[in-house]
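Me: I'd like to learn how to read a protein model feature by feature. Could you walk me through one?

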Amino acid sequence: AQEAVQNRVFDVQGDDLLLNVNRGEMIGLERVKIAGHIAFPLELDYGNRHYVLHAVVVHIGASLHNGHYIIYQYHGGYFYRINDAIVSRARLADVLQ
């Protein structure tokens, strides 16, 4: 099985911790998307700071060359799924998948 995470980038911006997970891999001369689930917590202690998940950006598509992005964003006690102009309340299980 392929490893779902090739590398991770941690970047602290004020009170926010930004995580970027690169899901691409070079196979021959082509960069391909690595399929698989990436587990992540709702809360994270990093260094001497405590962070709470506020948003997740998800790429939907079979390749890195095409597809669509959606966002799960936490607001007012709920996560919302933002897909272009369509905003709907999301289940926590959908956010964490």
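Reply: Happy to; we will go from the overall fold to pockets and then to single residues. Keep in mind that this is a predicted model.

Me: Let's start with the fold. How many helices and strands does the chain have?

Reply: The secondary structure amounts to ten strands and one helix. Following the sequence, the order is β-β-β-β-β-β-β-β-β-β-α. The chain has 97 residues, and 16% of them count as buried. For contacts between residues at least 6 apart in sequence, 30% link residues at least 24 apart.

Me: Next, pockets. How do I find empty space, and what volume does the largest pocket have?

Reply: The general idea is that rolling a probe the size of a water molecule over the atoms reveals where empty space is left. Here, the largest pocket has a volume of about 1,500 Å³. Its lining consists of 41 residues, and those closest to the centre are Leu 19, Val 21, Phe 40, Val 56 and Val 57.

Me: Which element gives the most to that lining, and what is the lining's make-up by class?

Reply: Strand S2 gives the most, with seven residues. Other elements that each supply at least two residues include S1 (7-13), S7 (55-60), S8 (68-75) and helix H1 (92-96). By class, the lining of the largest pocket splits into 25 nonpolar, nine polar and seven charged residues.

Me: And what lines the second largest pocket?

Reply: That pocket holds about 150 Å³ of space. Its lining is made of Leu 42, Val 52, Leu 53, Tyr 74, Gly 77, Tyr 78, Phe 79, Ala 90 and Leu 92. Sorted by class, there are eight nonpolar residues, one polar and no charged ones.

Me: On to charged pairs. How many salt bridges are there, and which residues form them?

Reply: To read this feature, look for a side-chain nitrogen of Lys or Arg within 4 Å of a carboxyl oxygen of Asp or Glu. This structure holds one salt bridge. The partners are Arg 91 and Asp 94, at 2.9 Å from N to O.

Me: Are those two partners buried or exposed?

Reply: The cut-offs are under 20% relative accessible area for buried and over 50% for exposed, with partly exposed in between. Asp 94 has 22%, so Asp 94 is partly exposed. Arg 91 has 55%, so Arg 91 is exposed.

Me: What about backbone angles? What is the sign of phi at Asp 84?

Reply: As a general guide, most residues other than glycine have a negative phi. Asp 84 has a positive phi, near 55 degrees. Asp 84 sits in the loop between S9 and strand S10 (86-90), and its relative accessibility of 60% makes it count as exposed.

Me: Let me finish with polar contacts. Which side chain is joined to that of Asn 83?

Reply: The side chain of Asn 83 makes a polar contact of 2.7 Å with that of His 68. Asn 83 belongs to strand S9 (residues 78-83). Leaving out residues up to four places away in sequence, Asn 83 touches His 68 and Ile 70.

Me: His 59 caught my eye too. What does His 59 touch?

Reply: His 59 lies in strand S7. Beyond four places away in sequence, His 59 touches Lys 33, Asn 66, Gly 67, His 68 and Tyr 69. The side chains of His 59 and Lys 33 share a polar contact of 3.1 Å. In addition, a polar atom of the His 59 side chain lies 3.3 Å from the backbone oxygen of Asn 66.

Technical notes
Residues numbered from 1 in each chain as written. Predicted model: local features only at pLDDT ≥ 70, side-chain atom pairs only at ≥ 80, totals over all residues. Heavy atoms only, no water. 1 Å grid on protein atoms, 1.4 Å probe; cavity = no way out; pocket = protein on both sides within 12 Å on 5 of 7 lines; lining within 4 Å. Points joined across faces, edges and corners; volume = space filled by probe spheres on them. Helix = DSSP H or I, 4+ residues; strand = E, 2+ residues; numbered from the N terminus. Nonpolar A, V, L, I, M, F, W, Y, C, P; charged D, E, K, R; others polar. Buried < 20%, exposed > 50% of the residue type's maximum accessible area, 1.4 Å probe, protein only. Polar contact = N/O pair within 3.5 Å; in protein donor to acceptor, adjacent residues only side chain to side chain. Contact = heavy atoms within 4.5 Å.
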